[in-house]
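Hello,

Here is the structure I promised to pass on. Please open it next to this email and follow along.

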Amino acid sequence: MLELKALPVGCADRRRSNACAGCGARPFSVCGNIDDADLGRLDALAEHLVLQPGEALIREGDPARHVFNVTSGSVRVYKLLSDGRRQITGFLFAGDFLGLATGETYVFSAEAIEPATACRFRKSDYRTLIRETPALEAALLDRANHELAAAQNQMMLLGRKTSLERVATFLLDLPDHDPVRATVAGHVHLPMTRLEIADYLGLTIETVSRVLTRLKTSGVIRLLSLTELRIEQPAVLKAMAEGEA
């Protein structure tokens, strides 16, 4: 496994370069609503990380000493089952936050899917800042509510929907989770592999490939490459996601 690397930039240098103010993920992150003074305090606590594909941000079972804010790229979050199978529980993109709601050790792993960057904060320092910054505390509470709703939607996805409905829902929802990446309407970027999609949707890779082929041959989507597709018939795909087609 690749070794996690931090950018060799000191706190003073980061403040001079106004790193937080120029961060493209800030409008979509928990730090987006805090004032300049608190933003400076947050920046002083941050260690800026650069990750290559497959590089671990978090390893399940390691001491949970840090929290993270993804600032570019994408990350897969997963757990390994007792029989060695992998269940991907989510994909994170720029603006997503992870690691705060843990005990003494991390209960999941997180790895970069593509080249990515993140800010790492020591958890004890970050919790102190939360107590002293009401806007940050409110933003984290709002993010926690969204994550709870997302977890409930994922339970519905895995428990009640067919394979076609799962894939259709995934394709429709994915662009909203990756707001920093500029795309044209109907365009979907897929940094994850077909196997990773299968592990997330609780399907086999063969089933995912078969459903994508069905959507392609019926003209609902157009596969532009292994990592890019365009939704040609969004109304039809939405009907499929909702079990109406």
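Below are my notes on one buried residue, a hairpin, the salt bridges and the aromatic pairs.

First, the ground rules. This is a predicted model, where local features need pLDDT of at least 70, side-chain atom pairs count only at pLDDT 80 or more, and totals for chains, interfaces and linings use all residues. Residues are numbered from 1 along each chain as its sequence is written, and side-chain values use heavy atoms, with hydrogens and water left out.

Start with Asn 69. It sits in strand S4, residues 66-72. (Strands are DSSP runs of E, at least two residues; helices are runs of H or I, at least four; both are numbered from the N terminus.) Asn 69 has 6% relative accessibility, so it counts as buried. (Buried means under 20% relative accessible area, exposed over 50%, partly exposed in between, with a 1.4 Å probe and protein chains only.) Beyond its neighbours within four places in sequence, its contacts (heavy atoms within 4.5 Å) include Cys 31, Phe 97 and Cys 119.

Next, the hairpin. Strands S5 (residues 74-80) and S6 (residues 86-93) run antiparallel, joined by 7 bridges. (Two strands pair if DSSP finds at least two bridges between them.) Ser 74 stands opposite Phe 93. There are 5 residues between the strands, and Gly 84 takes a positive phi near 95°.

Now the charges. There are 10 salt bridges. (Each is a side-chain nitrogen of Lys or Arg within 4 Å of a carboxyl oxygen of Asp or Glu.) One of them joins Glu 60 and Lys 79, at 3.0 Å from N to O. Glu 60 lies in the loop between S3 and S4 and Lys 79 in S5, so the pair ties together parts 19 residues apart in sequence. Another joins Glu 111 and Arg 76 at 2.8 Å, N to O. Glu 111 is in strand S8 and Arg 76 in S5, so this pair links parts 35 residues apart in sequence. Glu 111 is buried at 8% relative accessibility, and Arg 76 is buried at 10%.

Last, the rings. The whole structure has 6 aromatic pairs. (Rings of Phe, Tyr and Trp, its six-membered ring, pair if their centres lie within 6.5 Å; planes under 30 degrees apart are stacked, over 60 edge-to-face, the rest tilted.) Phe 97 and Tyr 126 form a tilted pair, 5.2 Å centre to centre with 35° between the planes. Phe 97 lies in strand S7 and Tyr 126 in helix H3, so the pair ties together parts 29 residues apart in sequence. Both Phe 97 and Tyr 126 are buried.

Best wishes
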